[in-house]
Amino acid sequence: MKSLLWKRLIEVQNNKIRLAFSLLISTLVLFLSIFVFKNNFDIVFAYFPMATMAINQMFLASMDDILFCETLISTNISLKKMWWFNLIFVSIGNYIISTTLIVICSLLLGVFPGYLYLVQNILSFILSISVLGCATIHYANYSKINQCIGTVFGLTFMIIPFVFVKFI
């Protein structure tokens with residue numbers, strides 16, 4: 001697992017443009033939902049992690065996510081372990097990005113969500129991990145059923161940001 005973490009950290013260091021793009025798109029969606037579409041800040045606070053995860057998966061996922069497994073094929077790390085690691089790494093990274101952005105926005109606006117919305121934010125993180133896991137299940141096993149599941153949830157991830165911005 002240390003080799004997977006090392007590989008991912010090297011990728012993040014070498015792809016600073018992707019990280020900046022991720023922050024830019026997430027910030028844009030946050031401002032659109034709050035200022036343009038005038039969504040309730042509590043609801044935005046509660047569900048922004050899921051929208052951020054969907055945005056970043058949609059715009060930043062690449063073939064490198066699949067191909068980075070080839071460099072570790074000679075190790076004893078299975079595809080399932082690589083899938084779990086990718087799921088955890090992407091989920092935690094996106095949750096940190098979304099939480100940082102929403103807290104900064106909350107402080108700038110002087111609006112603080114209630115306890116219920118904090119709990120919904122955490123539950124949104126758990127839901128995001130679940131949907132991302134289903135969308136990338138084909139990394140763990142290349143079976144036909146996993147590819148079908150991955151396709152359905154991958155398309156769901158493409159719809160979530162637009163639903164978040166416009167209808168919440």
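Helices in this account are DSSP runs of at least four residues, numbered from the N terminus. With that convention, lysine 38 of this predicted model falls in the loop between H2 and helix H3 (41-60). The backbone of lysine 38 deserves a short stop, since its phi is near 55°, a positive value in a residue other than glycine. Lysine 38 has a relative accessibility of 64% and therefore counts as exposed, the cut-off being over 50%.

Just before this loop, helix H2 (residues 16-36) carries two phenylalanines, 31 and 35, placed 4 residues apart, or about one turn of the helix. A pair of aromatic rings is described by the distance of the centres and the angle of the planes. The model holds 5 aromatic pairs in total. One of them joins phenylalanine 31 to phenylalanine 35, with 5.5 Å from centre to centre and 20° between the planes, a stacked arrangement. Neither ring is hidden from the surface: phenylalanine 31 is partly exposed at 36% relative accessibility, and phenylalanine 35 is likewise partly exposed, at 39%.

A second stacked pair is made by phenylalanine 85 and phenylalanine 89, whose centres are 5.9 Å apart; the planes meet at 25°, under the limit of 30 degrees, so the pair counts as stacked. Here too the partners share a helix, H5 (residues 79-109), and stand 4 residues apart, about one turn of the helix. Their accessibility differs in class, because phenylalanine 85, at 11%, is buried, while phenylalanine 89, at 24%, is partly exposed.

The phenylalanines of H2 also take part in a nonpolar patch on the surface. Phe31, Phe35, Val36, Phe37, Leu109 and Val111 make up this patch, and together they offer about 480 Å² of accessible area. H2 supplies the largest share, 3 residues. Another patch member, valine 111, sits in the loop between H5 and helix H6 (115-135). With a relative accessibility of 32%, valine 111 is partly exposed.

Turning to the interior, the largest nonpolar core has 15 residues, of which Leu30, Ile34, Phe41, Val44, Phe48, Ile102 and Phe164 touch the most other members. H2, H3 and H5 are the elements that give two or more residues to this core, and H3 provides the largest share, 6 residues. Phenylalanine 164 has an extended list of partners: leaving aside residues up to four places away in sequence, Phe164 touches Val29, Ser33, Asn39, Val44, Tyr47, Phe48 and Ala51. Two of these names, Val44 and Phe48, appear again among the core residues that touch the most other members. Separate from this core is a second one of 13 residues, which includes Val131, Ile137, Tyr139 and Phe157.

One further loop residue is worth a look. Is threonine 136, in the loop between H6 and helix H7 (144-167), buried or exposed? At a relative accessible area of 3%, threonine 136 is buried, because the value lies under the 20% cut-off. Its contacts, not counting residues up to four places away in sequence, are with Gln57 and Trp83. Thus threonine 136 is a buried loop residue, whereas lysine 38 is an exposed one.

Notes:
Residues are numbered from 1 along each chain as its sequence is written. This is a predicted model: local features need pLDDT of at least 70, side-chain atom pairs count only at pLDDT 80 or more; totals for chains, interfaces and linings use all residues. Side-chain values use heavy atoms; hydrogens and water are left out. Rings of Phe, Tyr and Trp (its six-membered ring) pair if their centres lie within 6.5 Å; planes under 30 degrees apart count as stacked, over 60 as edge-to-face and the rest as tilted. Buried means under 20% relative accessible area, exposed over 50%, partly exposed in between (1.4 Å probe, protein chains only). Patches are made of residues with over 30% relative accessible area and no salt bridge: like charges are joined within 9 Å, nonpolar side chains (Val, Leu, Ile, Met, Phe, Trp, Tyr) within 5 Å. Accessible areas come from the Shrake-Rupley method with a 1.4 Å probe; for residues, only the protein chains shown count as cover. A salt bridge is a side-chain nitrogen of Lys or Arg within 4 Å of a carboxyl oxygen of Asp or Glu. Contact means heavy atoms within 4.5 Å. A nonpolar core is a set of buried Ala, Val, Leu, Ile, Met, Phe, Trp, Tyr and Cys residues joined through side-chain atoms within 4.5 Å.
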